[in-house]
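Visitor: I should like a close look at a single part of this structure. Please take me through the packing of one pair of helices and what surrounds it.

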Amino acid sequence: MKDFHEKKYGMVIDLDKCTGCGSCMVACMSENNVPFKEDETKKRLSITWMKVYKFTNGKSFPETEVCYLPRPCMHCEGHGGHSPCVSVCPATATDYSTETGIVSQIYTRCFGCRYCMGACPYHARYFNWWDPVWPKGMEKQLSPNVSPRMRGIVEKCSFCYHRLQLAKEKAYSEGRREVRENEYQTSCTQGCPAGAITFGDLINPKHEVYKLKKDQNAFRLLERLGTNPKVYYISSREWVRRAGDNYLAHEKTGKKQNH
Amino acid sequence: MDSALIPVGVKRCSFPKFMLLLGAAGAVLAWGVFAMLLIWIKGLNQTNMNDYYGFAIWIWADLAVIAIGGGAFFSGFLKYIVGKDELKNIINYAVLLGFICYSSALLILAIDIGQPLRGWFIFWHANVHSMLTEVAFCLTCYFIVLTIEYLPLVLENRKLDKIPFFHNLTHNMHETMAVFAATGAFLSFFHQGSLGGVAGVLFGRPFAFREGVLIWPWTFFLFTWSAAAFGPCFTILATKILEKVTGKTLVKFNVIDLLARISGWMMLTYMIAKIADTAYWAFVLAPSKGFDVGFFYTNNEFYGWWILILELVICGIVPALILVTKKGRASKTALTTAVVLAVIGVCLNRWVMVLQVMAVPVMSFDTWATYCPSWQEVATTILPVAYAVILIAISYRYLPIFPQEAELNPIAPEEALADEQESTEETADVAGAEPAAQT
């Protein structure tokens, strides 16, 4: 694996295109064997690796505008790989890969202290409050490439890491050392009917995300905290960009800071 | 019935009355144990925690008992390292309280983790960057130290002390206790601090995050300082409660006065540091992340400015000022008020640094999180209190916890004579049964 050049996989999500349909959430749950319960009314107990937030510009009709914001794990780099969650995990059950830029979660090592959940400002980490149970017969649709998680541990979006492993295997079998852009795409990217999500290597000039992240309307969530996330958003609406971070009343909406 | 086990020269309540107390506390303990088993068997779905409130009442209870248990390490530090010899009259009780607090903290941690059987991963796969790793190591080591400090006290039981091996072991352990006290102080400095660091390093949580020196945020030092300052207040409060329950004076006033005075000055200096930290956070650090400090105390149902005022002024500056004045310490009412406020204050600080941190939204389009513990969480949090009542009751009844008790509460001459005779007979029995061991 050392033959691969360093990557920083990330996403650019165009919020002007997102309709809030939730296809990305469904695609993610299906692809990653994300468990669900009979009663999902308590949303803060629901596991949604990809979650679509809805917020408005706060104005009343007819000036009301709505924004839907899909939020996967941000795979924060922090400073030198010290992302908020990785640095706090006491058992090294989550790690920042300098080869891919992906923050992993080692399910068999996590002992469920939930410190990482408290550390994540995006609420991208979820705890298995129950053991996963699928309705009879539905277990047959589970993906064999992703291990289901047990009760008492934390899980989160992996940027469909198993797809990268499969793509690498394919590339190796064909004598290549590099994975092509279209060979490794997350399920939410492929599931989005509006084409709002673009995925790829943020530091590879040949990849679409490399260009998109330089858009003048691109921004990241909570940049001021120093989390250094790898998910970018684009919106032509200033109030949406402003909602991406926290500002004092007199401050102007900030400019993005590229990797 | 159990008179042979009761220390010489002191009087205890009747055995049935004692058993009644144990029974009442035991019932509460059983309720807590039942809730604990439910949680271990069915999982953390028995709680009202959620993905926004991953840290809740247990972590607060953990931090709170460790803070108030700080009286053990600081009293030990003052007696054995600084040389405040008067504190020998309260150190046993401080150690007992510390032992209870730390064993409770470890139990709560074992309940709190989602996979208790993997608890040892924290040692085996330790991440040296995590404050929680430091907490786990230092907490465990210090609990061992507290056990070593508590052990000679147990062996000083009237019956056990008759066994020459135990008697000599106790004597030798007392001789080397300064080493353990120093070790305890060293370990406590780190784990009290790292508990503060748990919240302070969360740079994704502007309400908790603090800058600091090297790898340690300011909360690291503030937690150690506050535990040393407020911990002795809990020792004094627990002593006052025991005196009330037993109807006796157990420690002379000069001992309480000394501990209260030191605690008062520690609190006053801590409050200056804490207010400086809060001011820097409110006017520089939080605004640099885009937060007006008012945001943290408004637009929600519970966390208002009142909590800041209660923690810093009413339960911080007020008790500190009472305890640093001679007049304040001399007044029974003022002293009791001060220690009660101080204990509430330090527990409130830990509440704020755990539960309010979780409640505050960080993303601008997110909402405040609310949380109310389930009965299982409440029962398991009360469990350590029942455990504490039982252990204190047993220890007080059978062990010489308070060296000044006999002097302060002389028993009737005929009772003293009977006690002495009984004691002499026991010595003779032991001497007859184990002549070789006596030589």
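Guide: Axes here are lines fitted to C-alpha atoms, for helices over the stretch in contact, and angles run from 0 to 180 degrees between N-to-C directions. The model is a predicted one. In chain B, helix α11 (residues 305-324) packs with helix α13 (residues 332-359) at an angle of about 145 degrees, and their axes lie 8 Å apart. The crossing of α11(B) and α13(B) is left-handed. On the side of α11(B), the contact is made by I307(B), L310(B), E311(B), I314(B), C315(B), G316(B), V318(B), P319(B), I322(B) and L323(B). From α13(B) come A334(B), T337(B), A338(B), L341(B), A342(B), I344(B), G345(B), L348(B), N349(B) and V352(B). By class, the residues of this contact are 15 nonpolar, 4 polar and 1 charged.

One of the α13(B) contact residues, A342(B), leads on to the nonpolar core. Of the 195 residues in the largest nonpolar core, A342(B), V343(B) and F230(B) touch the most other members. With neighbours within four places in sequence left aside, F230(B) is in contact with A342(B), V343(B), G345(B) and V346(B), and also with A67(B), I68(B) and M267(B). G345(B), like A342(B), belongs to the contact of α13(B) with α11(B).

Chain B also meets chain A: 40 residues of chain B are in contact with 43 residues of chain A. On the chain B side, the elements that give two or more residues are α5 (121-124) and α6 (131-155), and α6(B) gives the most, with 4 residues. That side divides into 20 nonpolar, 15 polar and 5 charged residues.

Conventions. Residues numbered from 1 in each chain as written. Chains lettered and ligands numbered in written order. Predicted model: local features only at pLDDT ≥ 70, side-chain atom pairs only at ≥ 80, totals over all residues. Contact = placed C-beta atoms within 7 Å. Nonpolar A, V, L, I, M, F, W, Y, C, P; charged D, E, K, R; others polar. Core = buried A, V, L, I, M, F, W, Y, C linked by C-beta atoms within 7 Å. Buried ≥ 20, exposed ≤ 12 C-beta atoms within 10 Å, placed from the backbone. Left-handed = near helix turned anticlockwise from the far one by under 90°.
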